[in-house]
Amino acid sequence: MTKLYLRIRSCLLLLLMVFTVSAMAQSRTVTGKVTDSGDGSPIPGVNVLEKGTSNGTVTDADGNYSISVGSNAVLVFSFVGYTSQEATVGSQSTLDIGLQPDVTALSEVVVVGYGTQEKKEITSAVASVSAENFNRGNQTTAAGLLVGKVPGLSVTRPGGDPNQAPTLRLRGITTFGGNAEPLIVINGVVGASLENVDPNDIASMDILKDGSAAAIYGARGSGGVILITTKSGKGGGSYTNINYNGFVTMDQVANRIDVLSASEYVARGGTNFGSSTDWFNELTQTGYSHTNNISVDGANNNLTYSAAVNYRDNQGIVKGVNFQRLNTRLEVGNSFIDGKLRAKISLAYNDRDQESINLGAFRYATIYNPTAPIFEGTPDDQNGGYFQRDLFDFYNPVALANQQQFVGERKNSLANYRLEYDLIDNLTLAVNYAVDREDGLNGGYWSTKDRIVGFGAKGQARRDTYSNRSRLFEATARYDRRFGDLNTEILVGFGDQLRSFEGFAAQVRQFLYDGPGFNGLDFGAIRQGPGTEVSSYYNEDVLRSVFARANFNYKNTYFLSATVRSESFSGFGKDEKTGIFPAVSGGVQITELVDLGVVSSLKFRASYGVTGNLPPFSNLALANYGPAGIVDFDGNPLTSSDQFVRIQLARDPNPGLKWEEKTEINVGFDYGLFDNKLTGSIEYYTRNIDDLLYGVNLPSGAPNPFGADVNNIANFAWANIGSISSAGFEFSATYNGLKFGGITYTPSFNFTIYDKAVIESFKVGDLGLSELRLATPGAPGQNNNEIIRNLPGQTLGNMYGPVFQGIDENGRYKLSTTNPDEFEVVGNGLPEGEFGFTNDFRFKNWDVNFLLRGAWGHDLYNSYRGFYENRDAASKTWNSVVTDKTPFITQSPTFSSLYVEDASFIRLDNFTVGYNLPTKSNVFSSVRFYLTGQNLFTITNYTGIDPEVRYTDSENNDRFQAGLAPGLERRNTYATVRSFTLGLSFKIK
Amino acid sequence: MNKMNRFFLVLAVLIGSVTACEAPDQEVFDEVPSDDALGTTNPDALAAFAASAYRQLVGNWGGHNSLWSLHEVASDEMVIARKGADWDDGGQWIRVHRHEYLPSEPAVGNGWGYCFTAIGNINNLLKTFGSNALLRSELEVTRAMIYLWLVDAYGNVPVITEKTTDTTPPTVARAQVYDFIEKSIVGGNFGGTVFANNLANLSAQKTYATMNRWVANVVLAKLYLNAQVYKGTQEWQKAADACQVVIGSGLYSLAPTFKDNFVTNNAGSPENIFVINYDENNAEGFNLPQMTGHYLTQQTFNLTDQPWNGYASLEAFYNSFETADARRGASFLVGPQFSSGGVRLKDISAEAGDPDGEDLTFTPSINMLEPNSFRQAGARVGKWEFRLGARTSLSNDFPIYRYADVLLMRAEALWRINPASAEALTLVNQVRGRAGVAAFLAAQMTADNLLAERGREMFAEGHRRSDLIRFGKYNDAWWEKTASLPTRNLFPIPQGQILVNPDLVQNPGY
């Protein structure tokens, strides 16, 4: 198969070498005025573009424009809320235009996977967001563009760590142990990494929400699908566009945990070291970031091209936490044989460097003694000159931030080669070959003076590297034909994806000098035993797919779509090699049948679809043997010829392991009122996820329950263990171009109400698996009481604990019980609903855009309060957290409902003011300045750091367990950030 | 129509070419496939497999939050007091101390998992290498030894062998488990499984940290000594006889000093009969300095990691040692504490009420069990040497069975048969003599004295709970503990195990 790929790849490269490039010419001036054809009012800010060129301008405050054009020019007038209009200039020097309000919002094209469909034909739940509706400001990830824009899509990034990727959930929790995030498809490359695309380069994102829409992606569609289309050249003419967008951003701490000042702390009885330090201020700074983006796109007859370079330098609010990223994208396409053969090559390369610190510094900055100085002693002493004391869990946060250093480099590349050929009329064949690759190199160094690795440890250094690759070959055939009133589209395809994962790690300890760190592991003396490591891994898997889709459109009134995909995965058990994922959906445009008055469009649709989720690792079905430590036959470490690494079963195998299966029914309406000025959708879905994949405990030592002839020794295996169900209601509405005097207002509102995921069953054969307990608050003293319990018949992620009933006269808790068997449900971290409200105003050359969003009905365990607000003996050592919910308790803290808070919130997420400079320049076709504030205010009763929904437990390194323990705000949470961005963008003719 | 045919032709070719395309079997790159692993004839690989049976025991016998912790904290010789929020741990250690343990206690689950994982591993070895008679005997008896821990701690447990096919093996009554252990060693038919006389088959060589005939006899001796508890009938003579086999072998003797057994390099002690062979690099899991040391104890031993300030002894137990008893000084860290450089250590966070103030001093007296025990309170477990500069795990081997224990067991068995037994007195005094304390007189051979002697000699080695039960003292009240019900003599079957295996039956009283 690999040889085939190579051959295809070299063919494509040859074709691309045949491409040619050329240029163009022009001159003559046209002026005119653009008005609303309904009320005759002038429309400022209308884009006026000479068709087929990058030559363009914008109307001024009175709707007037002036532009130089070539002979035979055609002008294109476009503005949000109006239908674009074309006019031939001919010999006229004045050209006035009346724009029609847009009533064709439903005619836009939607990317649906292996093709596009007109929005009016869509019969499943699909949302599209294009660049003009993306979130503004310093958005460092593609996901950030979508926050609050799509009902049912949660994009959360609690705290403000610039190096932390956001968590995405589409329609809530869809899996236990599979991929909980939506599948990412970039320009058709399935399973690509979001890192491959810079937010500046994205033209649109389409979100496949329901099972029917996602079924074309089969065993990876359960988490939903996000299809990303990058900006590219448009064919059919000759033009060149050069765009620049650059901005600087200032980040400030938006919220911190309040603690006692030095004097309050001493007055309260805390140990006085005689100084006064605001540790949080010492750790944080105002961070300045800058971003530059230059892109070129253009066309010359059959050739289209685009190229973009993005550079970002982000300095966070914490000293020592930052990243730099260079992202480059290049796309070239050409067509041959009268356009029948089309070839395209796209390359993306992303190079990222980051630095970070031990986030435990946030915890110590909160609780460290405020009377302690930062330094004492000399840099050569045992603590490197930092103030340190031998107290339990007591580390100088500034020392911690400076004495531990973590760096990472990541290189992502995505190369995609595509060839399409119209074999006969209506039949198009396409082949696609893509290589997606991520290479990472990390380093960590714990200084010789660092206390956390141990005062006798004398330094520790680590290097690890990994390389993940995916090679995808896909071939499709598409047949489009109209039979009388019936439009038919049939697609069949085949896909073969080889993924490989490899890595290497080494760690040593005991250094004389701090300088070399992770760059010189050979300076470390101890290379064996605790705190050291030498290891490597490599594995690969194969996913082979066949898929087909048929779409029917009868008289633009009745629509039907059917999909099937079969998926064969090498990582499935040998008796379960192939899964089939079918879907069917249909719709009817009611306004084509009856006149509904002000209702200009009303489409009812219903869908049913099955999707899956793959096991997270590919060897889980196999009874392989892995390394299990060194045995020394004579027990004498001095003789080494008798030392070997013994092997034992690497896992308890499950030869019957298969995919997770989600079945979803979605019913919805797409509506348009008042000539489609008001448009939107309403969705209701209900879904069942069966054969949930999860690692489950097995009876210790008993025979393997899945038929392998071994006894359990890990007492843990991945299995298809049960089912969950959930449902939800989604609503969206946009009013296009509401007028108040000269102001054009476009509000867009959406909300989601979740019927939270309920665990229907846990069951594997004879095994009972009736409970998953997770998430202890942690040290000190709260190590053994898991506060999340997942039980059949209950909502996923329920928090269990004693109910707080008050405080007795001695300042002690009155709790409902101390017996864990009598604990009750005291909260749940999943939201009952979320909303987003985008408001867009335009006035002359000005525009204002802001997003209010929020979530409600979710709880958070506030672990700062849960550990540090009591006036107990420990408050002599540690500073105390003070909130408006802090009670007077003298007892040591223990978990109860007292620390579970309702975290419903409303946040002004984003506020942008922009000014479009009127330009008559021969160089610039548009110039724009803008100012964006992000995270400007939050209304909430929550007293912790960030009321944002926590879908995962940040302290659990097992990402599968982490995903089943929502609603925990841990003590290492990065402070929230408020950002102000000043930007300039322009377009060169 | 021609075009349509071409379309269907292409379609047919496409579909035809791909339906044959099932994904290939998963290739193995960084592991050893089962057939290669088990088909090996390399003698070193086979030896490594045999060693596997013991490697599974390395881990948490001497470590925190498992079987050892349960045995110790539930007995009257050790306690983990709560120091404010520290060591609350969901109340587990207070409950264990007061015999209020729940089926959901993590330590209860960990202890069970530890034993049965080792059993699963041995069963896997037996499936592949069971045809080797010598290895079979070694593995079967090692499995029996682990069952001895289970029958003692949990009592009613499933019996799982390499022939078991039931994936949710049911509970077997304690007396039956006793029978299984005995037959596994001496031979016989247990529920259709016929055991050879493994005792005879086992190596008579003095091996280190592996199963041999002498270790097997100690397992039997322990089983018989506790027969009244395990199955309701007494087997004192059998217990005495099994001990005598070991004593009579002449292979083992008391080490010259008590401390010799617990130094970092204790592999040479003539007293070791069976140990868990810990090594700070290759066999980690014995982290006693962390478990018992005060935070500042790090400076006393230049430990790489800060200790947790947990385990201490009870004052009454500490006081059961005579001042002259060499074992007292060798078993505890008490009194003023100094850094390795001789500087007096100061705990600047010492509680206001602590009579010792900031000067770090381990006092045998503990002010309270909870909620605010003084941080410095309690004699610490200093029985094993903490190497200067020790890492998180010690290299000291942990004695599961030691010659002094065998002497005291035989003494007890003989005394049970005849309280005036002269040999019993001699044996006890052999152990006392090494500790530098006066010999017992015949009249001093009382139950209380025998139990106390075992306590002093075997402190922290995980035997105290069984001894208290056998002497009928386990349910008594002691410091911060009221009298407990006899059903507390067994730990509960872990809740997590009952959840996954519905055929397990919870022990009475839970």
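Visitor: Let's start where the two chains meet. How many residues does each chain bring to the contact?

Guide: This is a predicted model, so everything here is read from computed coordinates. The contact takes 92 residues from chain A and 91 residues from chain B. In general, the size of an interface is often given as the accessible area lost when the parts come together. Here we go by residues instead.

Visitor: Which strands of chain A supply at least two residues each to the side that touches chain B?

Guide: Among them are strand S24 (460–483), strand S25 (486–509), strand S26 (533–554) and strand S27 (558–569) of chain A. The list also includes strand S30 (625–632), strand S31 (643–649) and strand S39 (767–768) of chain A. S26(A) gives the most to that side, with nine residues.

Visitor: And what is the make-up of that side by class?

Guide: The side of chain A that touches chain B has 42 nonpolar, 35 polar and 15 charged residues.

Visitor: Now inside chain A. Which domains does the assignment give?

Guide: Domain 1 (2–102), domain 2 (106–238) and domain 3 (239–979). Take the pair of domain 2 and domain 3 of chain A: their C-alpha centres lie 15 Å apart. As for contacts, 73 residues of domain 2 of chain A touch 137 residues of domain 3 of chain A.

Visitor: Which elements of domain 2 of chain A give two or more residues to that side?

Guide: Strand S11 (153–156), strand S12 (167–170), strand S14 (189–190) and helix H2 (211–214) of chain A. H2(A) has the largest share, three residues. By class, the side of domain 2 of chain A that touches domain 3 of chain A counts 19 nonpolar, 40 polar and 14 charged residues.

Visitor: Hairpins next. How many bridges join S19(A) to S20(A)?

Guide: Twelve bridges join strand S19 (residues 303–315) of chain A to strand S20 (residues 322–336) of chain A, and the two run antiparallel. To find the pairing in the model, look at A:Gln315, whose bridge partner in S20(A) is A:Asn322. The hairpin has six residues between the strands, and A:Gly320 takes a positive phi near 90° there.

Visitor: Where does S20(A) go from there?

Guide: On to another antiparallel partner: 15 bridges join S20(A) to strand S21 (residues 341–356) of chain A. One pair to click on is A:Phe323 with A:Gln354 in S21(A). This hairpin has four residues between the strands, and A:Ile337 takes a positive phi near 50°.

Visitor: Which way do the side chains of S42(A) point?

Guide: In strand S42 (residues 798–801) of chain A, A:Asn798 and A:Tyr800 point one way, A:Met799 and A:Gly801 the other way, and all are buried. On one pairing, strand S41 (residues 788–790) of chain A meets S42(A) in the antiparallel sense over two bridges, with A:Ile788 opposite A:Met799. S42(A) also pairs antiparallel with strand S45 (residues 824–828) of chain A over four bridges, where A:Asn798 has A:Asn828 as its bridge partner.

Visitor: Over to chain B. How many helices and strands are there?

Guide: Chain B has 21 helices and ten strands. Its C-alpha atoms fill a box of roughly 110 × 60 × 45 Å along the principal axes, and buried residues make up 57% of its 510 residues. Of the contacts in chain B between residues at least 6 apart in sequence, 66% join residues at least 24 apart.

Visitor: How do I read a helix such as H12(B)?

Guide: The general idea: an α-helix has 3.6 residues a turn, so residues three or four places apart point the same way. Helix H12 (residues 236–249) of chain B has 14 residues and reaches 20 Å from first C-alpha to last, close to the 20 Å expected at 1.5 Å a residue. Its buried residues are B:Ala239, B:Ala240, B:Ala242, B:Cys243 and B:Val246. They cover an arc of only 165° around the axis, which puts them on the same side of H12(B).

Visitor: What do those buried residues pack against?

Guide: Helix H10 (213–225), strand S4 (272–276) and helix H17 (403–417) of chain B. After H12(B) comes B:Gly250, with a positive phi near 70°.

Visitor: Last one: what is the strand order in the open sheet of chain B?

Guide: S1-S5-S9-S6 (chain B), four strands with antiparallel pairing. Strand S1 (79–80) and strand S6 (332–333) of chain B stand at the edges with a single partner strand each, so one side of each is left without a neighbour in the sheet. S1(B) pairs with strand S5 (residues 311–313) of chain B over two bridges, and B:Val79 has B:Ala312 as its bridge partner there.

Definitions and conventions: Residues numbered from 1 in each chain as written. Chains lettered and ligands numbered in written order. Predicted model: local features only at pLDDT ≥ 70, side-chain atom pairs only at ≥ 80, totals over all residues. Expected span 1.5 Å × (residues − 1). Buried ≥ 20, exposed ≤ 12 C-beta atoms within 10 Å, placed from the backbone. Arc of directions from axis to C-beta. Contact = placed C-beta atoms within 7 Å. Domains from an automatic or database assignment. Nonpolar A, V, L, I, M, F, W, Y, C, P; charged D, E, K, R; others polar. Pairing = 2+ DSSP bridges.
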